[in-house]
Amino acid sequence: MTVIEHASIYAQRRARVAAQLGYGGIAIVPTAPERQRNRDSDFLYRHDSYFYYLTGFTEPHATLVITADGEATLFCQPKDLEREIWDGIRLGPDAAPAALGVNKAFSSTELAAQMPKLLENRSTVWYPFATHAGLEGRVDGWLQSVRARVRFGALCPDLQRDLCSVLDEMRLVKDAHEQDIMRRASQISARAHVRAMQRSAAMLRAGQDVREYHLDAELLHEFRQHGSQYPAYGSIVAAGANACVLHYRADEGRIREGELVLIDAGCELDGYASDITRTFPANGRFTGPQRALYDLVLASQDAAVAATRAGARFVDPHDATVAVLAQGLLDLGLLDKHKVGAAQDVIANRSYFPFYMHRTGHWLGMDVHDCGSYVEPSQVGQISERKDPLSGETIKDRPSRILQPGMVLTIEPGLYVRPAEGVPEQFWNIGIRIEDDAIVTDIGCELITRGVPVKADEIEALMRA
C-alpha cells in the first residue's frame with residue numbers, strides 16, 4: 001500500500017473547507033471523468049484540480065464528500081484483479097483511509113446508495129457549479145431520495161451553494177509546498193526552452209530543414225526526461241508570421257534564417273503548471289528591427305515586474321506594460337503621433353490594440369489559467385462605468401484584486417505586427433511575447449522562470465554555444 005506523500009497537507013485543506021460549510025453543510029467534489037479520444041482509446045487521464053487539491057489522489061471514478069464536522073468520505077474504484085491487469089493497480093476503499101487520511105471510504109459503485117444517507121438531515125449542499133456535466137442532476141436525484149423519507153422525520157437540505165467560491169479563494173494563495181513544486185516545474189520548463197533554442201540554431205548551422213515540430217519534440221523530451229507528467233497546455237511553437245497568431249499550435253511550419261521563433265510552453269509537474277514564453281532569432285542573431293521590438297517588449301516586462309508586489313493591484317502590471325509599449329510604438333513609428341496623439345492618448349483611445357490585444361498576465365497554479373477572482377472581494381460592490389473607445393460598449397469596472405504574498409501570476413507582454421497600411425514594412429510579420437511566472441512577495445515578486453535567458457544579448461550568446 002502506498003501512502004500519499006504530504007497527506008497531512010490535504011487533510012489540513014479539507015479541514016479548512018469543512019470550517020466554511022456552515023452548520024449542517026456538506027460538500028461533494030468529484031474528480032474528472034475519463035474521456036474517449038476515439039473508438040476504444042481514451043485521452044491521457046488528468047484528474048480534476050479541485051479534487052486533487054483536497055486529496056492528492058489521481059485515480060478516476062472518485063468522489064470526495066466533506067461534512068461541516070470535518071469528516072471526509074471517499075468513493076473510489078474497487079479492487080478488481082482483471083481490470084488492474086489491464087489498467088494498473090487501484091488503491092481501493094479498504095486502503096484509502098490510511099493512505100489518504102480520510103475517515104471512511106466506499107466503492108464508487110455504492111455512490112448512488114450512500115449519498116442520500118450522507119445528505120439526510122443536512123442543511124446546505126455545496127458542490128462546484130458548472131464544472132462537472134450532469135452533477136447537478138445527480139444531486140437532484142439524491143435529494144429526491146431524501147425527500148421520500150421526510151414522512152419518517154428526515155430533513156432535506158434546502159440550500160445549494162457553489163463550492164468554487166470557497167476553493168478558489170483557498171487555491172489563489174499558494175502555500176510553501178505548492179510554491180516548491182511550481183519552482184521545480186519552472187526549472188524543467190526553462191531547460192526545455194534552452195534546449196529548443198540551441199537546437200534551432202544548431203540545425204540551421206548544419207544546413208538542415210528545421211520545422212516547428214522539431215522544436216516541439218525537444219520540449220516534450222525535456223519535460224518527460226525530468227519527471228513532468230504532461231505539458232501544462234498545447235505548446236505554441238510559431239515561426240515567422242505564425243507568431244502573430246496568439247494561440248498558434250506547433251505544426252509543420254518551416255523555421256528560416258532571419259526569422260523569429262516564439263515558443264510558449266510549460267510542463268505540468270505533480271498537478272501544477274508552469275508557463276513560459278520566449279521569442280528568439282531562429283539562427284541566433286537578431287536583426288535590427290527585431291531587436292528594436294524585442295527590447296521594447298522586454299522594457300515593458302521590466303516595468304510590469306516592478307509593479308508586481310504585495311499591496312499592488314492585479315491590473316497594475318498591465319497598466320505599466322501598456323505605458324511603456326504606447327511610448328515605444330510612437331518612438332519606433334508603428335503609430336503616427338500626428339494621427340493618434342501622445343502616449344497618454346494612445347492609452348486612452350487604445351490605439352495600441354492592433355499590436356497588443358491581450359492582458360499582461362493571469363493567475364497560475366494547478367490550472368494554467370488558474371482559478372481565483374480578479375476582483376477585490378472587499379470592494380466587489382464598487383462599480384464604475386466607462387465607454388470602450390474601440391467598441392463603444394459600456395463596460396462596468398470593479399476594483400482589481402489586491403495582490404498578496406503567495407499569489408502566483410504570469411507577466412507576459414507582447415507585440416504582434418501584421419502587414420497594414422501605415423506600418424513600416426521592416427516590422428511586418430514580427431510577433432514577440434516574453435512571459436515569466438512570478439510569486440508575489442512582500443517586497444516585490446520572485447521570477448521563478450529565469451532559468452532561460454531573457455535579455456537579447458544573453459539569448460544570442462546561448463544560441464552560439
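How many helices and strands are there in the protein chain? The chain holds 14 helices and 21 strands, where helices (H or I, at least four residues) and strands (E, at least two) are DSSP runs numbered from the N terminus. This is a predicted model, in which local features need pLDDT of at least 70 and side-chain atom pairs count only at pLDDT 80 or more, while totals for chains, interfaces and linings use all residues. Residues are numbered from 1 along each chain as its sequence is written, and side-chain values use heavy atoms, leaving out hydrogens and water.

Turning to overall shape, the C-alpha atoms fill a box of roughly 80 × 55 × 45 Å along the principal axes. The radius of gyration is 25 Å, which agrees with the value near 23 Å for a compact globule of 465 residues; this radius is taken over C-alpha atoms, and the globule rule is 2.2 Å times the number of residues to the power 0.38.

What lies inside? Buried residues (under 20% relative accessible area, 1.4 Å probe, protein chains only) make up 52% of the 465 residues. In the largest nonpolar core, a set of buried Ala, Val, Leu, Ile, Met, Phe, Trp, Tyr and Cys residues joined through side-chain atoms within 4.5 Å, there are 102 residues, and Leu74, Leu163, Ile263, Tyr294 and Leu415 touch the most other members. Helix H8 (residues 176-205) gives this core its largest share, twelve residues. A second, separate core has 17 residues, among them Leu111, Tyr127, Leu135 and Leu143.

Beyond its neighbours within four places in sequence, Leu163 is in contact with residues including Val17, Ile28, Trp126 and Tyr127, contact meaning heavy atoms within 4.5 Å.

Technical notes
Buried < 20%, exposed > 50% of the residue type's maximum accessible area, 1.4 Å probe, protein only.
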